[in-house]
Amino acid sequence: MASRSTGFNSGLDIGKSYYVATANPAPDHAALAGDVEADLVVVGGGCTGLSAALHAAERGLKVVLLEGGKIGWGASGRNGGQMIPGLRKGARGLVKTFGPERAKALFDLAFEARGLVLDIIERHAIDCDLRQTGHLVGAVNGSDMRDFEEEAECLAKVMKFTDVEILSAARARQMVDTPYQGAVFERLGGHMHPLNYTLGLARAASAAGVVIHENSVAVRLEREPSIRVFTDKGSIRARHVVLAGDALLKGLEPRVNSRIMPVGNYIAATEPLDGKADVIPANVAVSDTLFVVNYYRKSADGRLLFGGGERYTPSPPADIAGFVRPHMEKTFPQLKGCRIDHAWGGLVSVTTSRLPHVGHYGEVYFAHGYSGKGVILSTLSGKLLAEAITGDASRLDLFSTLTPLPFPGGTALRGPLYVLGMLWYAMRDRLRH
Ligand SMILES: Cc1cc2nc3c(=O)[nH]c(=O)nc-3n(C[C@H](O)[C@H](O)[C@H](O)COP(=O)(O)OP(=O)(O)OC[C@H]3O[C@@H](n4cnc5c(N)ncnc54)[C@H](O)[C@@H]3O)c2cc1C
């Protein structure tokens with residue numbers, strides 16, 4: 001797998017990622033050639049698209065999936081692998097925006113993602129280094145603790161959810177060897193090898209009858225008289241289309257694109273640290289309370305996989321390892337000078353509300369913009385799309401009400417305006433930390 005390069009989604013050094021180096025063997029899928037017909041055409045071979053395809057095929061539809069590059073080489077196969085139940089917006093934010101009843105319904109639906117992913121992993125025997133060890137959020141600032149307490153109170157009161165624990169600084173230090181002011185521990189979180197999960201999902205989809213084409217970029221979408229998706233070598237006519245290209249979809253459907261902003265995010269994998277430094281004795285997934293969040297975990301072979309630093313320009317830093325290292329060494333000074341074996345980046349698609357953009361325009365269905373919390377949510381969104389396409393839109397409709405506002409400034413200005421906003425928050429991080 002490591003040697004197979006591809007043009008479309010191969011940017012930001014994905015070929016040098018730890019995940020590609022340790023990917024399970026997977027078949028190549030031939031590019032689309034000629035004109036074919038299906039019930040459903042899915043654009044995008046990440047977890048959203050594969051899950052939509054798998055669940056639609058299980059419900060009897062003839063499904064063809066187009067992936068512009070290789071399966072899993074978008075965000076799904078290069079992310080931090082942190083399985084964090086829920087939405088990016090916290091319980092209090094949901095209650096404030098939607099009121100307690102709808103907030104609870106949204107929370108419960110989003111929470112289903114965890115069970116769904118665990119079930120798929122078990123049912124399809126996906127070997128993806130699953131660790132159900134929990135997720136810890138470390139408080140960088142003392143005031144974060146008050147925030148944690150209020151959030152836990154709202155979770156208990158409104159969502160009837162009590163699987164979180166507030167930890168003192170000393171208790172947090174036993175789990176992660178860095179001096180947080182305290183932490184909140186989400187027992188039902190965990191981590192996994194995201195590329196191997198995505199490849200497993202593709203295997204399950206193929207087995208259910210989905211026809212997958214790699215190196216097949218959808219370049220045009222025709223809506224009338226019926227749905228037809230074109231690549232440069234063929235086309236697929238279908239009754240429905242799912243757009244699951246996330247940050248890479250670009251101009252295929254402008255109404256969808258104006259609501260997400262791609263942000264470059266970078267990860268480094270150290271040399272195996274076993275016997276040298278155990279920086280996460282509890283082997284939990286960890287993130288912190290900075291706006292430009294640091295997130296990290298151990299790999300199955302004892303490396304630290306550390307994500308830190310964002311860039312709001314389209315191009316990656318010349319030296320990704322050198323870009324991530326200061327963030328890692330600030331969190332773990334004990335790792336100063338340790339070897340970094342892999343470094344890569346990906347595009348996180350964020351929305352104005354930090355809630356996903358899910359829904360449909362007629363027979364054009366879409367889901368994207370998980371704002372950095374899509375590892376498990378993407379699989380659920382795909383299932384909700386399949387449910388709606390096969391006749392039950394009730395749960396998709398609930399998620400569709402999340403619709404974030406478009407980014408201000410239109411096509412020309414939304415980038416620069418967003419960058420200004422982000423830089424302000426990044427500066428605030430530096431003042432707080
Ligand atoms: C560096 C990084 C770290 C992250 N860490 C975490 C984390 O730890 N926890 C968490 O919950 N979330 C994390 N995320 C977010 C999470 O990875 C994403 O939300 C999720 O993977 C999105 O899945 P997807 O299937 O919607 O999109 P993708 O996985 O990006 O898949 C989209 C696919 O569509 C294809 N495509 C696009 N346009 C076309 C086209 N025109 N024709 C054909 N194919 C096309 C692309 O090639 C790509 O393969 C991270 C993201 C990144 C980038």
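Two strands are taken to pair if DSSP finds at least two bridges between them, and strands (E, at least two residues) and helices (H or I, at least four) are DSSP runs numbered from the N terminus. The model described here is predicted, so local features need pLDDT of at least 70 and side-chain atom pairs count only at pLDDT 80 or more, while totals for chains, interfaces and linings use all residues. Residues are numbered from 1 along each chain as its sequence is written, and side-chain values use heavy atoms, with hydrogens and water left out.

A good place to begin is the sheet. Its 6 strands follow the order E9-E3-E2-E13-E20-E19, forming an open sheet with mixed pairing. The edges are taken by E9 (211-213) and E19 (357-361); each has a single partner strand, so one side of each is left without a neighbour in the sheet. From one strand to the next, the twist averages 15 degrees. Strands E2 (residues 40-43) and E13 (residues 240-243) pair in the parallel sense over 4 bridges, and here Val 42 stands opposite Val 242 in E13. Helix H9 (residues 377-389) packs on the sheet, touching E2, E13, E19 and E20 (364-368); contact means heavy atoms within 4.5 Å. The direction of H9 makes about 165 degrees with that of E20, where axes are lines fitted to C-alpha atoms, for helices over the stretch in contact, and angles run from 0 to 180 degrees between N-to-C directions.

Attention now turns to the rings. The structure holds 9 aromatic pairs, defined for rings of Phe, Tyr and Trp (its six-membered ring) with centres within 6.5 Å; planes under 30 degrees apart count as stacked, over 60 as edge-to-face and the rest as tilted. One of these pairs joins Tyr 19 and Trp 344 edge-to-face, at 5.4 Å centre to centre and 70 degrees between the planes. This pair links distant parts of the chain, with Tyr 19 in helix H1 (residues 18-21) and Trp 344 in strand E18 (residues 340-350), 325 residues apart. Tyr 19 is buried at 0% relative accessibility, and Trp 344 is also buried, at 0%; buried means under 20% relative accessible area, exposed over 50% and partly exposed in between (1.4 Å probe, protein chains only). The rings of Tyr 296 and Phe 306 have centres 5.2 Å apart and planes at 5 degrees, so this pair is stacked.
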